[in-house]
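Q: I am new to reading protein models, and I would like a close look at a single part of this one. Could you walk me through it and then show me how it sits in the rest of the chain?

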Amino acid sequence: MSAVAERQPLSDWFAFGGLALGAALGILLAGFTNDPVMEFHGWLIFLVSGGGACAVYIRAFDKREGRVAVAEEPYEYGVIRAGVIATVFWGIVGFLVGVIIAWQLAFPALNLDLPWTSFGRLRPVHTSAVIFAFGGNALIATSFYVVQKTCKARLPGRYAPWFVFWGYQLFIVLAASGYVLGVTQGKEYAEPEWYVDLWLTIVWVVYLLVFLGTIWKRKEPHIYVANWFYLAFIVTIAMLHIVNNLTIPVSLTGTQSVILWSGVQDAMTQWWYGHNAVGFFLTAGFLGIMYYFVPKRAERPVYSYKLSIIHFWALIFLYIWAGPHHLHYTALPDWAQTLGMTFSVMLWMPSWGGMINGLMTLSGAWDKLRTDPVIRMLVVSVAFYGMSTFEGPLMSVKAVNSLSHYTDWTVGHVHSGALGWVGFVTFGAVYCLVPWLWKRPRLYSLKLVEWHFWIATLGILLYITSMWVSGIMQGLMWRAYDSLGFLEYSFVESVEAMHPYYIIRALGGMLFLAGAIIMAYNIWQTIRGRLADEGEVAAPAKSAAGGPAVAPAE
């Protein structure tokens, strides 16, 4: 072995060898399967792994003269920059597919009579793209940023953070392409088949190790509360994912598998997973964003650190029990349904404790809402969080659920949380991160942020109000009886009555998509170093570390 090779770090060899092994596995899957989808995914794995191996070789093993070594930043910002770009990209993709399927519900001819463009295949693409691609990339990027800054420690490993990022992108592409090609487990929020689930498990374990490794070598003795929420999200999602997706593959070279659970046990496991995917992926993780970026942008410490700790422990204890409320009036035992309802109602308290903590952080800084559209977006997201966490427990009550279940009211509730809470808090975090990460004095245009805020807010209001009206109307029509005791309306009549509301919903979705496109343009111009001529624009003061001068209580 040459002297150069002997001095090569072991991590370079592991990274190169692992990627080469992945490329070989992709060729084997593509060559030995009779399943066309598995063959396609095999070649995809080969291309991604092979490209990664080439990148590692160029970065680590290519010692040709003339290659300039890149100075290492005090923190690992490169993977966060990539995560921010991926968040914006996948957000637009997810919103676009959502608009398409919204119009398909209003005008079924838009399904085009093709299997790949049908509502049944595009709908999981939309949900997965918004939740796991848009939301997941936002969580990974912000968690990597927050844990480094609050621990004053760099992410461990030269390749591990990048493995998490690119491995997660591969998971997204494998899952989405599988849906379009008809490969799915048919489980809400858990559609990917066994081999995609297995790959995500590997990526997620590395994500957990990177996050824990940063906390382990921290220079700041205190662990800031945002990191507790991120850690709860990472650990609980791993547990939920593994248990709910226990399957037996029909063949190691085929896409199909058999779910280990069956009957009502499968339903209970699925909604234990499904509701806690909402509780820990879409709530706990994004509360980590709230607890860092709201104080940062407002330049105020968290209103009550004690309340944030109570909020954390109460939330994670109560949320895990609330899943059965999705199964009211089913074969699930009545005591289990009541248990889920009880814990759902109890969730009001910690949820609103977190909302109050977020809003009251602006004490003494409410004037910023008039001048800073980014903080306005963050604060409105917290308001939507409060509204959604009031509506959810209300809908879990059996008497209310008997009207709301299986109707568009549930769709409106989900989107008030997804668009208002998850969407707006993510947009606010992205608007904060881009100038910090690319070392720009401010965003390209705060006026464009204003446009984004108002267009997206109008879109959300059109969406959720139309779904509230159509959902309650559906529930009332389905339970209406005439004087002879027969159903007053047929199912077709209820579908026909929904048509104008579906058009309003699609228009609301288009407005939200338009806002995201405005954001993408604003972000792109900021990265390029452009500044729009907007006169005197007040921007938060910057510290040498790249954020506002006043940090949250850490």
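A: Let's start with Leu 252, which counts as exposed because its relative accessibility is 65%, and the cut-off for exposed is over 50%. Keep in mind as you look that this is a predicted model. You will find Leu 252 in the loop between strand E1 (247-249) and strand E2. If you want a distance to check on screen, take Leu 200: its C-alpha atom is separated by 17 Å from that of Leu 252, and the two residues are 52 residues apart along the chain.

Now follow the chain from the loop into strand E2, which covers residues 257-259 and holds Val 258. Val 258 has a relative accessible area of 48%, so this residue is partly exposed. Val 258 also belongs to a nonpolar surface patch of about 530 Å². Its partners in that patch are Ile 242, Leu 246, Ile 248, Val 250 and Leu 260.

Let's step back to the whole chain. The chain has 19 helices and two strands. Its C-alpha trace spans about 90 × 65 × 45 Å along the principal axes. For 554 residues, a compact globule would have a radius of gyration near 24 Å, and the chain agrees with this because its own value is 24 Å. Of those 554 residues, 55% count as buried.

Helix H16 (residues 408-437) makes a good contrast with the exposed loop. In this helix, 27 of the 30 residues are buried, so H16 is largely enclosed by the rest of the structure. You can also check its length: at 1.5 Å a residue, the helix should span 44 Å, and its end C-alpha atoms are 40 Å apart, which agrees. Look for a bend of about 30 degrees at Gly 423. Just after H16 comes Lys 439, which takes a positive phi of about 55 degrees.

Next, the charged side chains. Side chains of opposite charge can pair when their charged atoms come close. A search of the whole structure finds eight such salt bridges, and three of them are worth visiting here.

One of them joins Glu 76 and Arg 154, with the closest N and O atoms 3.4 Å apart. This pair links distant parts of the chain, 78 residues apart: Glu 76 sits in the loop between helix H3 (36-61) and helix H4 (78-106), while Arg 154 sits in the loop between helix H5 (119-151) and helix H6 (160-180). Glu 76 is buried because its relative accessible area is 9%, and buried means under 20%.

Another salt bridge is formed by Asp 372 and Arg 297, whose closest N and O atoms are 2.8 Å apart. Here too distant parts of the chain are linked: Asp 372 lies in the loop between helix H13 (368-371) and helix H14 (373-396), and Arg 297 lies in helix H9 (residues 263-298), 75 residues apart. Both Asp 372 and Arg 297 are buried.

Finally, the side chains of Asp 334 and Lys 398 meet in a salt bridge at 2.6 Å, N to O. Asp 334 is in helix H11 (residues 334-346) and Lys 398 is in helix H15 (residues 398-404), so the pair ties together parts that are 64 residues apart in sequence. Lys 398 has a relative accessibility of 16%, so this residue counts as buried, whereas Leu 252, where we began, counts as exposed.

Conventions. Residues numbered from 1 in each chain as written. Predicted model: local features only at pLDDT ≥ 70, side-chain atom pairs only at ≥ 80, totals over all residues. Heavy atoms only, no water. Patch = residues over 30% accessible without salt bridge, like charges linked within 9 Å, V, L, I, M, F, W, Y side chains within 5 Å. Areas by Shrake-Rupley, 256 points an atom, 1.4 Å probe, with all protein chains shown as cover. Salt bridge = Lys/Arg side-chain N within 4 Å of Asp/Glu carboxyl O. Helix = DSSP H or I, 4+ residues; strand = E, 2+ residues; numbered from the N terminus. Buried < 20%, exposed > 50% of the residue type's maximum accessible area, 1.4 Å probe, protein only. Expected span 1.5 Å × (residues − 1). Bend = angle between axes of the 7 residues up to and from the residue. Rg over C-alpha atoms; globule rule 2.2 N^0.38 Å.
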